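Got your viewer open and a hand free for clicking? Let's take a walk through this model, one selection after another.

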Amino acid sequence: MLVNITARAWSLKILALLHEGVPGRQAPLLAATGAGRSAFAASLDHLAGLGLLERNPGHGHPLRPEFRLTAQGLAVAPYASAILSQLDGEEDFALIRKSWTVPVLALITRPRHFTEIRTGLGAITDRALSQSLGLLEDHQWLSRNFDYEARRPRPLYQAINRGQAISQVFV
């Protein structure tokens, strides 16, 4: 589910804002996210397709609907809010908006090998995982150490600093 939610850049922000009480109309949500209209609309549609968001029946204009969290959305939104509360500025938010950042961090609460992470994420390619791990390491959200106990030394990845704070949201 986490992989599906983060497939759209603004999904976490929308869930967090609705959880924090921002009105569910498009204009206030759009202004609060800072997203472009088309990316915002795609994220709204995506969340509705996942069953996390729905139009509020009887509220809003047909061309300017009001949205609310579903029961499943109410369960997920606190996690989105907790993740975003760990961020410090636009650079952090830009990293968190990338598709695989949050799912990778959710898996590396303890040291893991590349293959363990890839298996846990299912649909990720080796290249996408390598790039995600590299970005997280560059931002010092992940440490890469070597397991010298293995027959062939292999890298072990674990969340650190801000990455660890985000990964602890899922523990």
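Start by selecting N145, then look across to strand β5: the residue standing opposite N145 there is L156. Before you go on, keep in mind that this is a predicted model.

**Stop 1: the sheet**

Keep L156 selected and look for another partner. Which residue has L156 as its bridge partner in β5? That's H113.

Now widen the selection to whole strands. You should see an open sheet of three strands, in the order β3-β5-β4, with antiparallel pairing. The edge strands are β3 (112-113) and β4 (142-147), each of which pairs on one side only.

Color the two pairings separately if you like. How many bridges join β4 to β5? There are six, and the two strands run antiparallel. Between β3 and β5 (residues 154-159), the pairing is also in the antiparallel sense, and it covers two bridges. To see how the chain gets from β4 to β5, follow the backbone: a hairpin of six residues makes the link.

If you show side chains along a strand, here's a rule of thumb to try out: in a regular strand, side chains alternate between the two faces of the sheet.

**Stop 2: two residues with a positive phi**

Step back along the chain from β4 and select Q140. Where does Q140 lie? Look in the loop between α9 (126-138) and β4. Q140 isn't a glycine, yet it has a positive phi of about 60°. Is Q140 buried or exposed? Its relative accessibility is 53%, so it counts as exposed, the cut-off being over 50%.

Next, select N161, which sits in helix α10 (residues 161-167). N161 is another non-glycine with a positive phi, this time of about 50°. With a relative accessible area of 49%, N161 is partly exposed.

**Stop 3: into the core**

Time to go inside. Select the largest nonpolar core, which has 47 residues; L15 and I96 are the members that touch the most others. Which helix gives this core its largest share? It's α2 (residues 11-19), with six residues. As general background, nonpolar side chains in soluble globular proteins tend to be buried together.

Click L15 and show its surroundings. Leaving out residues up to four places away in sequence, L15 touches I5, L47, L52, L69, V76, A77 and A80.

Now move one click along to A16, also found in helix α2. Is A16 buried or exposed? The relative accessible area of A16 is 3%, so it is buried, the limit being under 20%. Setting aside residues up to four places away in sequence, A16 touches A77, A80, S81 and L84. Try the distance tool on A16 and L84: they are 68 residues apart in sequence, but their C-alpha atoms are 7.4 Å apart in space.

**Stop 4: two helices crossing**

Stay with α2 and add helix α3 (residues 26-33) to the view. These helices pack at an angle of about 120°, and their axes are 10 Å apart. Which residues make the contact? From α2 you'll want K13, I14, L17 and L18, and from α3 pick L29, A32 and T33. Sorted by class, that contact has five nonpolar residues, one polar and one charged. As for handedness, α2 passes α3 in a right-handed crossing.

**Last stop: a buried histidine**

Finish by selecting H46 in helix α4 (residues 37-49). H46 has a relative accessible area of 18%, so it counts as buried under the 20% limit. What does H46 touch, not counting residues up to four places away in sequence? Show N4, I5, A7, R8 and S11 and you have the set. You've met one of these before: I5 also touches L15.

Note on methods
Residues are numbered from 1 along each chain as its sequence is written. This is a predicted model: local features need pLDDT of at least 70, side-chain atom pairs count only at pLDDT 80 or more; totals for chains, interfaces and linings use all residues. Side-chain values use heavy atoms; hydrogens and water are left out. A nonpolar core is a set of buried Ala, Val, Leu, Ile, Met, Phe, Trp, Tyr and Cys residues joined through side-chain atoms within 4.5 Å. Buried means under 20% relative accessible area, exposed over 50%, partly exposed in between (1.4 Å probe, protein chains only). Helices (H or I, at least four residues) and strands (E, at least two) are DSSP runs, numbered from the N terminus. Contact means heavy atoms within 4.5 Å. Two strands pair if DSSP finds at least two bridges between them. Axes are lines fitted to C-alpha atoms, for helices over the stretch in contact, and angles run from 0 to 180 degrees between N-to-C directions. A crossing is left-handed if the near helix is turned anticlockwise from the far one by less than a right angle, and right-handed if clockwise. Ala, Val, Leu, Ile, Met, Phe, Trp, Tyr, Cys and Pro count as nonpolar, Asp, Glu, Lys and Arg as charged, and the others, Gly among them, as polar.
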